[in-house]
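Got your viewer open? Load the model, clear any old selections, and let's walk through it stop by stop.

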Amino acid sequence: MSRNTILITGASSGIGQATAQYFLEKGWNVAATMRSPDLTDHCETADLIYPRLDLTQPETIEAAVHQTVSRFGRIDVLVNNAGYALMGPLEGVSPSQLEHQFQTNLFGAVATIQAVLPILRRQRSGTIINVASIGGRLAFPLASSYHASKWAIEGLSEALRYELRRFNIQVKIIEPGGIRTNFIHRGTAWAKHPEYADLAEQVQQFSDRLNDSLPGPQGVARSIYQAATDRTPRLRYSPYGKSFLLLHSLLPDRIWRTLVSRLMLGAGY
Ligand SMILES: NC(=O)c1ccc[n+]([C@@H]2O[C@H](COP(=O)([O-])OP(=O)(O)OC[C@H]3O[C@@H](n4cnc5c(N)ncnc54)[C@H](OP(=O)(O)O)[C@@H]3O)[C@@H](O)[C@H]2O)c1
């Protein structure tokens, strides 16, 4: 039987890198795409390639998909993982910052899905896995742009699964809780506004304190594997996020809001 093939976006670090490693160990062919692959650091092998794919450059998406199919003959699973968080008060967000956030977290993912779909349709099988976040179902202070992009990918994914069922293509959403990767520091951009500088400072300090206590990305890679090999129509997988989602759905909004404010913005807020 031929080996399964997975194409992952944003495989240079964090969840994408751990996922590439995990699927390799499970015997898959892996296209570990990244926006600046350095082939002196990354050694390609019979079952591993590093196509260049930058979500803000549509021509690299087409080329990466083409390279993967030329090499492995098929694509069984697409993982739309690459992303970052634009933080900061909405009043300080410039149009170009917002556009870049959506280009990366949403429009680029859509372009990748569109590039892969003809292949999955021809095969009459495949799985599209979109990495959203618990932040696609609830929201924290000073992350409105990020949440908007992740809520969008949630809605898109839930609708898409109906369209693709006729082609035997599954759609899955991964909703991680907080994970220790480059995300909180290197993977975050900030919009600024002087009226909110104190809040930004509080959120930044909270994130710094939080980061070291978070689990690493391997558990998310396992969830992605579970989603990729699960033949049931289950849509959502929430590694390290279930308790947040449960609390959010059970607590009255007044209590949830107070908890989040105290935790992230300080006792007096
Ligand atoms: N870590 C968390 O707490 C957490 C929680 C929930 C959801 N998530 C989601 O998980 C996904 C992966 O994040 P992570 O935690 O693994 O963070 P990460 O270590 O910062 O990885 C993000 C990846 O996305 C890539 N990327 C960023 N912009 C890109 C672009 N324009 N084109 C192609 N690739 C691009 C980065 O590439 P470079 O190396 O070139 O920058 C990197 O490979 C993201 O979608 C994030 O929203 C993370």
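The tour starts at the ligand, moves on to a cavity and a pocket, and ends with a pair of aromatic rings. Keep in mind throughout that this is a predicted model.

**Stop 1: the ligand and its shell**

Select the ligand and show what surrounds it. You should get a shell of 27 residues, and the ones that come nearest are Ser-12, Arg-35, Asn-81, Tyr-146 and Thr-181. Colour that shell by class and you'll see 13 polar, 10 nonpolar and four charged residues. Now switch on the cartoon: helix H1 (14-25) and helix H4 (144-164) each put at least two residues into this shell.

Next, zoom in on a few polar contacts. Begin with Ser-12, where a polar side-chain atom sits 2.6 Å from an oxygen of the ligand. Then click on Leu-55; here a backbone N or O atom is 2.9 Å from a ligand nitrogen. Asn-182 also uses its backbone, with an N or O atom 3.3 Å from an oxygen atom of the ligand. How much of the ligand's accessible area does the protein cover? Of the 890 Å² the ligand has on its own, 94% is covered by the protein.

**Stop 2: the cavity**

Hide the ligand and hunt for enclosed space. The count gives one cavity of 30 Å³ or more, and the largest cavity holds about 50 Å³ of space. To see its walls, select Asn-80, Asn-81, Ala-82, Thr-104, Asn-105, Ala-109, Val-131, Lys-150 and Ile-153. Helix H3 (95-123) and H4 are the elements that give two or more residues to this lining. Which of them gives the most? That's H3, with three residues. By class, the cavity lining splits into four nonpolar residues, four polar and one charged.

Asn-81 is worth a label: this residue lines the largest cavity and is also among the residues that come nearest to the ligand.

**Stop 3: the second largest pocket**

Now follow H4 to another site. The second largest pocket contains about 240 Å³ of space. Its lining is Arg-161, Tyr-162, Arg-165, Asn-168, Ile-169, Gln-170, Val-171, Arg-231, Thr-232 and Pro-233, so select those together. Both H4 and strand S7 (169-174) supply at least two residues here, and S7 gives the most, with three. Colour by class again: the pocket lining has four nonpolar, three polar and three charged residues.

**Stop 4: an aromatic pair**

For the last stop, show the aromatic side chains. The structure holds six aromatic pairs. One of them is Phe-23 with Tyr-225, an edge-to-face pair with 5.2 Å centre to centre and 65° between the planes. Why does this pair tie together parts that are far along the chain from each other? Phe-23 lies in helix H1 and Tyr-225 in helix H6 (residues 218-229), so the pair links parts 202 residues apart in sequence. Leave H1 highlighted as you zoom back out, as this helix also supplies at least two residues of the ligand's shell.

Methods. Residues numbered from 1 in each chain as written. Predicted model: local features only at pLDDT ≥ 70, side-chain atom pairs only at ≥ 80, totals over all residues. Heavy atoms only, no water. Near = heavy atom within 4 Å. Polar contact = N/O pair within 3.5 Å; in protein donor to acceptor, adjacent residues only side chain to side chain. Areas by Shrake-Rupley, 256 points an atom, 1.4 Å probe, with all protein chains shown as cover. Helix = DSSP H or I, 4+ residues; strand = E, 2+ residues; numbered from the N terminus. Nonpolar A, V, L, I, M, F, W, Y, C, P; charged D, E, K, R; others polar. 1 Å grid on protein atoms, 1.4 Å probe; cavity = no way out; pocket = protein on both sides within 12 Å on 5 of 7 lines; lining within 4 Å. Points joined across faces, edges and corners; volume = space filled by probe spheres on them. Phe/Tyr/Trp six-rings, centres within 6.5 Å; stacked < 30°, edge-to-face > 60°.
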